[in-house]
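Here's a quick tour of a protein model, written for someone who likes to poke at sheets and empty space. Have the viewer open while you read.

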Amino acid sequence: MSNTPMAANPLTRAVLEIDEYAAGLGWDQPARLFALVDTARLRAQEPGLAAQLGLRDEPETTALTPIEQEEIPAGKPLDEFLGTIAWPDAVAGCALTVERLMLPPSAEASVPEGLSGKKLTEWVAQHPDRQEVRMTVAVLRDGTRDSALRLREKDSPTEVLTGGALVPGLAEALSATFED
């Protein structure tokens with residue numbers, strides 16, 4: 001993931017690495033879950049795995065390594081799946097990348113009353129102002145958060161938005177995976 005720009009902090013860098021990885025897979029992909037581990041600790045405790053992941057020559061400033069987890073079960077709602085996760089102590093954080101349809105805030109007023117669930121999803125999918133977005137959200141055990149948003153219509157690394165408060169609901173759900 002060498003094309004990832006240097007970021008101000010390790011979590012942002014990890015989010016951008018995952019975004020770049022997901023972009024390389026193309027659109028219309030399933031959600032993907034990642035464990036975030038301390039790179040130095042991984043090198044010391046699991047040198048074979050670190051070598052397999054190509055971390056032997058990584059600079060010491062690379063503080064977090066994303067490790068993709070097994071595929072998220074198809075057909076299971078994401079919130080239910082996240083509710084089943086527990087991380088071992090070696091995991092410093094986690095990240096999720098998922099594609100969704102979004103509407104601009106101006107469309108909120110036009111949502112028909114009483115729509116929920118499947119009907120609301122269908123309505124959004126038919127809306128002329130809908131946009132496809134890939135969201136990558138990461139959280140650390142200490143509550144630190146970051147995220148990246150990539151619009152399908154602006155599918156370029158220079159057009160990726162980053163920030164800790166872009167997808168608060170998903171960040172909350174990921175943080176809950178670290179609660180006892």
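What follows covers the sheet, its strand pairings, and then two empty spaces.

## The sheet at a glance

First off, keep in mind that this is a predicted model. Its sheet is an open one of six strands, and reading across gives the order β2-β1-β3-β4-β5-β6, with antiparallel pairing. The two edges are β2 (64-68) and β6 (161-162), each of which pairs on one side only.

## Around β1

Let's start with β1, which spans residues 32-38. Six of its seven residues are buried, so the strand is largely enclosed by the rest of the structure. If you want the cut-off behind that, buried here means under 20% relative accessible area.

On one side, β1 pairs with β2 in the antiparallel sense, over five bridges. To find this pairing in the viewer, pick Asp38, whose bridge partner in β2 is Leu64. β1 is also joined to β3, this time by six bridges, and again the two run antiparallel. Here you can look for Leu36, which stands opposite Gly93 in β3.

## The β4-β5 hairpin and the far edge

Further along the sheet, β4 (residues 131-140) and β5 (residues 145-151) pair over seven bridges, in the antiparallel sense. Two spots to click on are Met135, which stands opposite Leu149 in β5, and Val137, whose bridge partner in β5 is Ser147. The two strands form a hairpin with four residues between them. One residue in that turn, Gly143, has a positive phi of about 95 degrees.

How much of β5 is buried? Five of its seven residues are, which leaves the strand mostly covered. β5 is also joined to β6, by two bridges, with the strands running antiparallel. In that pairing, Ala148 stands opposite Thr162 in β6.

## The second largest pocket

Now for the empty space. The second largest pocket holds about 250 Å³. It is lined by 13 residues, and the closest to its centre are Gln29, Pro30, Ala31, Val98 and Arg100.

Which strand gives the most to this lining? That would be β3 (residues 91-102), with three residues. As for chemistry, the lining of the second largest pocket divides into seven nonpolar, two polar and four charged residues.

## The one cavity

How many cavities of 30 Å³ or more does the structure hold? Just one makes that cut. The volume of this largest cavity comes to about 60 Å³. Its lining is made up of Ala22, Gly26, Gln29, Pro30, Arg32, Thr97, Val98, Glu99 and Arg134.

β3 turns up again here, giving the largest share of the cavity lining with three residues. By type, the cavity lining splits into three nonpolar, three polar and three charged residues.

If you put the two spaces side by side, some names come up twice. Gln29, Pro30 and Val98 line the largest cavity, and they are also among the residues closest to the centre of the second largest pocket. Strand β3 ties into both linings as well: it gives the most to the pocket and the largest share to the cavity.

Note on methods. Residues are numbered from 1 along each chain as its sequence is written. This is a predicted model: local features need pLDDT of at least 70, side-chain atom pairs count only at pLDDT 80 or more; totals for chains, interfaces and linings use all residues. Side-chain values use heavy atoms; hydrogens and water are left out. On a 1 Å grid over the protein atoms alone, a cavity is a set of points where a 1.4 Å probe fits but cannot get out, and a pocket is an open set with protein on both sides within 12 Å along at least five of seven lines; lining residues have an atom within 4 Å of a point. Grid points are joined across faces, edges and corners, and a volume is the space filled by probe spheres set on the points. Ala, Val, Leu, Ile, Met, Phe, Trp, Tyr, Cys and Pro count as nonpolar, Asp, Glu, Lys and Arg as charged, and the others, Gly among them, as polar. Two strands pair if DSSP finds at least two bridges between them. Buried means under 20% relative accessible area, exposed over 50%, partly exposed in between (1.4 Å probe, protein chains only).
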